[in-house]
Each structure stands twice: as structure tokens, then as C-alpha cells.
Amino acid sequence: MTDSSHENVPSRARRRFPGISSRAYEHPADRSALVALRRLTGFDTVFKALSGLLPERSLRLLFLSDSVRVSEAQFAHLNDMLRDACYILDLEKVPPMYVKQDPQPNAMCIGLDEPIIVVTTGLVELLDEEEMRAVVGHEVGHALSGHSVYRTILLFLTNLAVKVAWIPLGNMAIMAIVTALREWFRKSELSADRAGLLVGQDIQASMRGLMKIAGGNHLHEMNVDAFLAQADEYEKGGDLRDSVLKILNVLPRTHPFTTVRAAELKKWSETRDFQRIMDGHYPRRDEDKDASVSDSFRESASHYADTVRTSKDPLMKLVGDIAGGAGDLGGKLRDKFTGGAGAAKGGAGTTATDGGGTPEGTEGPGGTAGPEGPEEGPRKA
């Protein structure tokens, strides 16, 4: 890499991570969701079929003909950021990058054979140089992790689902895979946010970028601590009904909620794992073939156990109580859904069989939200 490629790079030195493996920054939920996705019935068949059918050449020609390709001659400052991000994460081949006219701030990394990075004009105009550097690093992280393949398939299947919506069974089969892909997609964003931080090496810039994506170019009206407090309020607020609504709200989304992403990234930036990477101690790519799959499974399982144990979300707390052997499941569900009304009635001397309906009424929420909790709980971003 020549010095000319770093003309717009700030003078402060950034650490480089030669040979870094994507395992160094991948979120445990990302790996777990990908394993679950690959085990989904019919996914392998769809994946193999689409790998040969997707019009990737057409996609590349579309961006080449209707967007601006980043280079030394066009959007040179983005070209410098891209080359610098690839240098820091030691990505040997610099992916093509395009700027697409679109007022909606967005960026993506797609492609089956080779990744392509696309950023919108809305994003370029919204972010300053350091914020944009984190976003470019985010997309390069997707490329290094090999995320672009699955993201391309999700893009295609989402469009296909709309076209075959009139075929009930066909649409249901596609949407099952789309839902699983979206779950993985959301988790992969958490991994890529970490890659963006490794490239930018400025947690405040990463926070500012996420705040701007949420609230626009009004930083003078926003505060990082207050923004992160929103994520805390979102997680622990409400009752069990709100927990179910959170799951329903996030299912159609491809990205986790912005405050949640900010809180996750801030938390990771303060961990020993992050500091070890910054000190040069991290998994190398040449060790990937020797990496233990069972260790990855155990790490993922441990992550979900810790999430349930430490979560402030009412549903996660309930799951933790059940896993811990807490009794009176029906009463707990009743109290969660009624805001404690059941407990108050119990204290007033109402027995479990008064009116002949209490046990049956308790089973209603238990038979609906209760069983879904353990399965759907970890799905929320």
C-alpha cells in the first residue's frame, strides 16, 4: 500500500492487525444464528440453487452503470478510507466500492463470488470523516467474515417473497428462510460494528455515527449517555407484553435497533477481549482450520446463558427464573401480564380455584407467550 493512499488519513497512528481472523470480533450470537440458519430444513437446497442462479454479473453491471465507483479520481477520501480499512484488517483484495444516489443513509456489502460495498449519498452527507471511517470498517468487516454471500441471498429472497406472495405455501416456505436469514443478519451487524471500531479505533466516533443514523445530523441536540440510557430503558422497561411486542417489532427488520447496537458496541469496547485485540493478541486466519467448532458452540451457549442471566428484560428474567427452577410458573405469567393483579388477588384471599377459572385463565398466557419465550427470547436484538 502506497503512501498516496493515506493522504487523508488523520495523523494519529492506528494499530494494524496482520492476519486477523474474523473470529476475533464476531459476536457469539452471530455464529449461533448462522449455525441455526444452516440447520434450517431446505436451506442447503435453496442456497445451492441460488448460488448458481443469482444474476451477480447483472448486479455488478447495474452498479457500474448507475452509481459512482470510488477510486483515486472519484470520492477520493472514501477510497483512502477503504484502502486504510483493508490495510488495518489485512484484507488483501480491496473490494469495489460504489456511491449510490439515495437520500436514505445506508450501506451494504453484497456479492457471491466477490464482495461489493455500496454506500448511499445520504450516508456520505450525514457522517463526518471519523464516523464514516467506522462505517467503511463495518462493511470491510462483513467482507472479511464472508457475510456478503448470505446477505445477497436475503436480498434476493426478500424480493422473491413479494412476487410469490399470492402462492400461500410457496410464500410460507420462502418466508421461513427469510426470517431465519434476518435473524442472522441482525446478529452479523453486531459483529461488523466491532470490526468498524477496530478500524476507526474511536468509540466516540462510532457512537456519534449510530446516533446520527437514529436522529439525523443534529449532534448538538443529542447526548451519548442519554442515548445509551434509552437502550437500558428499552431492555428493562414494561412487562411481559412489552417483551413480546419487542420480538414482533424486530422480526421484520434486517438491523438491530440503533440504541441496542450502540449499547452492545460500548459494552464490548470496555471488555478484556477488545483490549487483548488492541494489544495484538487475537486469533489468526491461518489458525482458522484448527479452530474448534465445539469451542465456538460452547462460547455461543455461554453467551446466551449470560444474556438470560443478566438481562433486565421481563421475558428474559422469566426465562431465567424458569431455568433456575423457580416455582409457580402460572402465577408468574399471570402477574407479568396483569401487572401484579394476580398477586394482589392472591393476597386478598382468593384461592386458585375460586370462580372455577383461575387455573384455566392462567394457562392462556402461559400457553402462548411462555413457550415462545425460551425460543424467541434470544432473537431480540
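Begin at the largest cavity, which encloses about 30 Å³ of space in what is a predicted model. It is also the one cavity of 30 Å³ or more that the structure holds. To display its walls, select His27, Leu190, Asp193, Arg194, Arg261, Glu264 and Leu265, the residues that line this cavity. If you colour that selection by class, you will find two nonpolar residues, one polar residue and four charged ones in the lining. Then show the ribbon for residues 168-200, which is helix 8, and for residues 258-269, which is helix 12, since each of these helices supplies at least two residues of the cavity lining.

Keep both helices on screen and turn to the second largest pocket, where about 500 Å³ of space lies. The pocket is lined by 28 residues, and a good way in is to select Glu189, Leu210, Ile213, His255 and Arg261, which are the closest of them to its centre. Arg261 should already be highlighted, as it is also among the residues that line the largest cavity. Next, add helix 6 (129-145) and helix 9 (203-215) to the display, because these two, together with helix 8 and helix 12, are the elements that give two or more residues to the pocket lining. Helix 6 deserves a separate colour, for the largest share of this lining, six residues, comes from that helix. Coloured by class, the pocket lining divides into twelve nonpolar, nine polar and seven charged residues.

Stay with helix 12, and now select helix 10, residues 224-236, whose axis comes within 8 Å of the axis of helix 12 and crosses it at roughly 105°. Helix 10 is therefore roughly perpendicular to helix 12. To see where the two helices meet, show the side chains of Phe227, Leu228, Gln230, Ala231 and Tyr234 in helix 10, and opposite them those of Thr258, Thr259, Val260, Ala262, Ala263 and Lys266 in helix 12. By class, this contact has seven nonpolar residues, three polar ones and one charged one.

Finish by colouring the whole chain by pLDDT, which averages 74, with 57% of the residues scoring at least 70. Select residues 1-11, where the pLDDT is below 50, although the model gives this stretch 20 contacts beyond near neighbours in sequence. Residues 341-381 also have a pLDDT below 50, and there the model has 51 contacts beyond near neighbours in sequence. Where pLDDT is low, the predicted coordinates should not be read in detail.

Notes
Residues are numbered from 1 along each chain as its sequence is written. This is a predicted model: local features need pLDDT of at least 70, side-chain atom pairs count only at pLDDT 80 or more; totals for chains, interfaces and linings use all residues. Side-chain values use heavy atoms; hydrogens and water are left out. On a 1 Å grid over the protein atoms alone, a cavity is a set of points where a 1.4 Å probe fits but cannot get out, and a pocket is an open set with protein on both sides within 12 Å along at least five of seven lines; lining residues have an atom within 4 Å of a point. Grid points are joined across faces, edges and corners, and a volume is the space filled by probe spheres set on the points. Helices (H or I, at least four residues) and strands (E, at least two) are DSSP runs, numbered from the N terminus. Ala, Val, Leu, Ile, Met, Phe, Trp, Tyr, Cys and Pro count as nonpolar, Asp, Glu, Lys and Arg as charged, and the others, Gly among them, as polar. pLDDT is the predictor's confidence in each residue, from 0 to 100. Contact means heavy atoms within 4.5 Å. Axes are lines fitted to C-alpha atoms, for helices over the stretch in contact, and angles run from 0 to 180 degrees between N-to-C directions. Angles under 35 degrees count as roughly parallel, over 145 as roughly antiparallel, 65 to 115 as roughly perpendicular and the rest as oblique.
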